[in-house]
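Visitor: I would be grateful for a close look at a single part of this model, followed from there into its surroundings. Please set out what is found there and how each description is reached.

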Amino acid sequence: ESKKQNYDVLIIYLITWIDPNVAVDLALKLKEYPAIIWCSDYRVIDDKKQQTGAFAAFLPIKGSLEQLDFNAVYLYDTFAKTNTASELYGMVRAASAVSKLRTAKVAMVGNTALGIYPGMIHPLHIKKLFGTEIIFLDNYTLIELCKKNLAQPNLDKQSEILFKNFKFT
């Protein structure tokens, strides 16, 4: 079921002890997504601190994923910690950006052969890190694409949508 969806990020939130294999299997099935493994040390239930066993699950899951070279970030939440929400928010935004980059196509115009010279962008490194495809456009192709786009009848309405949905600086 989990493979049928498209996610920005996989968050495994541990509220109690679980068999580490369950979380590891799920994470490995969704390994193309950035992952956050999050747990709390205890909760307050009926005005009492109660240990739910989440930390006992967190460490073996973390260790297993690290041994499998699974790339995730880990968030350990304590009852006294006050910045968990902002920490999680930053992680989710970063993961969302990575997910969007994975499906992005980047056009390089007028660049030298990539990866040949030191200091040049290397397309295989970009693909390995983000899954992003770099498409090479020569100047002639770029000019022809611009001419084709400028000839579209509703170009003004389409550009309004672009400027409405994105912030340009």
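Guide: In this predicted model, Asp47 counts as exposed because its relative accessibility is 77%, and the cut-off for that class is over 50%. Asp47 is located in the loop that joins strand 3 (43-45) to strand 4 (48-50). Its backbone has a positive phi of about 60°, although Asp47 is not a glycine. Such a value deserves mention because most residues other than glycine have a negative phi.

Asp69 also has a positive phi, of about 55°, and is likewise not a glycine. The loop that holds Asp69 runs between helix 2 and strand 5. With a relative accessible area of 71%, Asp69 is exposed.

A third aspartate, Asp77, is found in strand 5. Asp77 has a relative accessibility of 9% and therefore counts as buried, the limit being under 20%. Its side chain makes a polar contact with the side chain of Ser40, at 3.4 Å. Leaving aside residues up to four places away in sequence, Asp77 touches Trp38, Cys39, Ser40, Asp41, Arg43 and Thr84.

Strand 5 leads to the sheet. Three strands make up this open sheet, in the order 1-2-5, and their pairing is parallel. Strand 1 and strand 5 are the edge strands, each pairing on one side only. From one strand to the next, the twist averages 15°. Between strand 2 and strand 5, the parallel pairing extends over six bridges; Ala35 has Ala72 of strand 5 as its bridge partner. Helix 3 (residues 84-102) packs on the sheet and touches strand 1, strand 2 and strand 5. The direction of helix 3 makes about 170° with that of strand 5.

The aromatic residues add further links. Rings are taken as a pair if their centres lie within 6.5 Å, and by this rule there are six aromatic pairs. One of these joins Tyr7 and Tyr33: the ring centres are 5.3 Å apart and the planes stand at 85°, so the pair is edge-to-face. Tyr7 lies in the segment before strand 1 (10-14), whereas Tyr33 lies in the loop between helix 1 (20-29) and strand 2 (35-40), so the pair ties together parts that are 26 residues apart in sequence. Tyr7, at 28% relative accessibility, counts as partly exposed, while Tyr33, at 8%, counts as buried.

Phe58 and Tyr74 form another edge-to-face aromatic pair, with 6.1 Å from centre to centre and 85° between the planes. Phe58 belongs to helix 2 (residues 54-67) and Tyr74 to strand 5 (residues 72-77), so this pair ties together parts that are 16 residues apart in sequence. Both Phe58 and Tyr74 are buried. Ring pairs also link Phe55, Phe58, Tyr74 and Tyr76 into a cluster. Lys62 lies over the face of Tyr74, at 5.0 Å from the ring centre.

Definitions and conventions: Residues are numbered from 1 along each chain as its sequence is written. This is a predicted model: local features need pLDDT of at least 70, side-chain atom pairs count only at pLDDT 80 or more; totals for chains, interfaces and linings use all residues. Side-chain values use heavy atoms; hydrogens and water are left out. Rings of Phe, Tyr and Trp (its six-membered ring) pair if their centres lie within 6.5 Å; planes under 30 degrees apart count as stacked, over 60 as edge-to-face and the rest as tilted. Helices (H or I, at least four residues) and strands (E, at least two) are DSSP runs, numbered from the N terminus. Buried means under 20% relative accessible area, exposed over 50%, partly exposed in between (1.4 Å probe, protein chains only). A charge sits over a ring if NZ of Lys or CZ of Arg is within 6 Å of the ring centre and within 35 degrees of the ring normal. Two strands pair if DSSP finds at least two bridges between them. Axes are lines fitted to C-alpha atoms, for helices over the stretch in contact, and angles run from 0 to 180 degrees between N-to-C directions. Contact means heavy atoms within 4.5 Å. A polar contact is a pair of N or O atoms within 3.5 Å; within protein, one must be able to donate a hydrogen and the other to accept it, and residues adjacent in sequence count only if both atoms are side-chain atoms.
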